Amino acid sequence: MLKTKTSDDKLDTLLSRSAVPIIDLAHCGIEEVPVKSVVNRVGHQLQKALSEKGMALLVNHGISDEKLKTAWDHLDDFVDLEADVKQLYIRSDGDNHGYVSPGVERFDGKTPELRHAFNICTLNAQNLPEEPLPGFADHISTLANDFKALASFLLQALAVSLDIPHTFFLEKHSHMLSGDHDNMTTLRMLYYPPVVDDEPGHGQHDVIKGRCQYSYQRCLSDQPDFRPEHNPLDDVNELDGMTSNGKDAKVSEHKLANGDVIRCGPHVDYGTFTLLAQDSEGGLEVKVPGSEKWHRVGHLPGAILINCGEILSIWTNERYPALEHRVVVPEQEHIRNRGRHSIAFFCHPDNITMISPNDLPQTDAAQNSACLKQRKKSFKAAKERLVPTSYLPKRASLTCSSSIRSVYNAYQLIQKKFKETYSNNNHSQ
């Protein structure tokens, strides 16, 4: 059994219930010549994991703990810089690259989100804080290229999972980290400060300066048991709380009180997929496909989480649904009183790539179902004297015969999502 040094293992999480698929990437080869058998195996595992859960944990991915720790140290050092120095690297309108201070981004337009973020869309040293922080540009560029290589491998495995040519996605993601004018792929470094409640001289949920103590653990066997030693929910076999005897079980759900701050509001990512590395369990929650409840994910040290984005959902006609997620301020005092670091690699297609499910082959059953739905919609539209397409649902699917919604390129789609997300937010930059 995996032993931990903290009380994180007492949390009820998807990981503690063995409800998160874990995919081993060992012996996958190099980016230029990946091992075909491993690509095929990972592709089949991704097909099951992403269609059923919208996510998976990747282990033995080749990105070392030391590189991640050093990157988080660099981010801490950047946060410690004087405000006028940080201002030189602030993210500006029309450009996703740069620093974002706490409270600037508000997904719902009103709830302040407590995090420092540094978006990296290009590896040009002139756009990175190398002068005030020597070594920053070299290390982050190396780490970003590691994530890019991992993403390239996964793009090939995704193609296998969908039974299409293995270079299909690679060719449509050929300009990752070349700058957001060519491709919106972003390496995002994140630091969530500790939150302290009602200290003398402070208001509720004030942000305080602090650093997280890194703690990594190793598995003692090839097939470790991730459940806590004592878990009263071991008999729960359904995500929404059904016990083995068919009765409802009480599964805790973390709710936000009115006026509370949040580390990151509910949203789905906009791109193809996201790779997430984090240094601790810090409040990441998801709504898995088919569930309307928020579930704490849990933390597997050294693993990287992959989750589906909006573009992959559109490309696959929602066979791989975009995963809704958020990062709450944890209820557990020992977790909320420490910082959390993470790195998110948002993998996006090249800006000029057209996004349409018609690019991907459908099975005969799926195609027949789509045609039947279209005939029913056509009949209904005829009865209603052809309702204009602007009144159709945003998620109306492209069918076997013709499109009933506009087809966007990747840049237009992402900008459209930015506008929808921040339309009521005067604080977003």
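**A walk through the model, starting at His 325**

Let's start with a histidine that has plenty of company: leaving out residues up to four places away in sequence, His 325 touches Gly 265, Pro 266, His 267, Val 268, Asp 269, Leu 284, Glu 285, Val 286, Trp 294 and Asn 307. Keep in mind as you look around that this is a predicted model. You'll find His 325 in strand E13, which covers residues 324-327. Is His 325 buried or exposed? Its relative accessibility is 11%, and buried means under 20%, so His 325 counts as buried. One of its neighbours deserves a second look: the side chains of His 325 and Asp 269 are joined by a polar contact of 3.4 Å.

Now for the greasy parts. The largest nonpolar core takes in 70 residues, and Phe 147, Leu 154, Phe 169 and Leu 275 are the ones with the most contacts inside it. Which helix gives the most to this core? That's helix H4, residues 136-161, with 15 residues. Zoom in on Phe 169 and, setting aside neighbours within four places in sequence, you'll see it in contact with Leu 155, Leu 158, Ala 159, Leu 162, Ile 164, Leu 312 and Trp 315. There's also a second, separate core of 25 residues, and Val 59, Val 288, Val 297 and Val 327 are among its members.

Next, the aromatic rings. How many aromatic pairs does the structure hold? There are eight. Take Phe 78 and Phe 118: their ring centres sit 5.1 Å apart with the planes at 85°, so this pair is edge-to-face. Phe 78 belongs to helix H2 (residues 65-79) and Phe 118 to strand E4 (residues 116-120), so the pair ties together parts that lie 40 residues apart in sequence. Both partners are tucked away: Phe 78 counts as buried at 0% relative accessibility, and Phe 118 is buried too, with a relative accessible area of 1%.

Another pair brings back Trp 315, this time with Phe 168. Here the ring centres are 6.1 Å apart and the planes meet at 65°, so Phe 168 and Trp 315 are also edge-to-face. Phe 168 lies in helix H5 (residues 168-172) and Trp 315 in helix H6 (residues 310-315), so this pair ties together parts 147 residues apart in sequence. Phe 168 and Trp 315 are both buried.

To finish, go back to Phe 78 and Phe 118. Ring pairs link them with Tyr 89, Tyr 99 and Phe 136 into a cluster.

Methods:
Residues numbered from 1 in each chain as written. Predicted model: local features only at pLDDT ≥ 70, side-chain atom pairs only at ≥ 80, totals over all residues. Heavy atoms only, no water. Core = buried A, V, L, I, M, F, W, Y, C linked by side-chain atoms within 4.5 Å. Buried < 20%, exposed > 50% of the residue type's maximum accessible area, 1.4 Å probe, protein only. Helix = DSSP H or I, 4+ residues; strand = E, 2+ residues; numbered from the N terminus. Contact = heavy atoms within 4.5 Å. Polar contact = N/O pair within 3.5 Å; in protein donor to acceptor, adjacent residues only side chain to side chain. Phe/Tyr/Trp six-rings, centres within 6.5 Å; stacked < 30°, edge-to-face > 60°.
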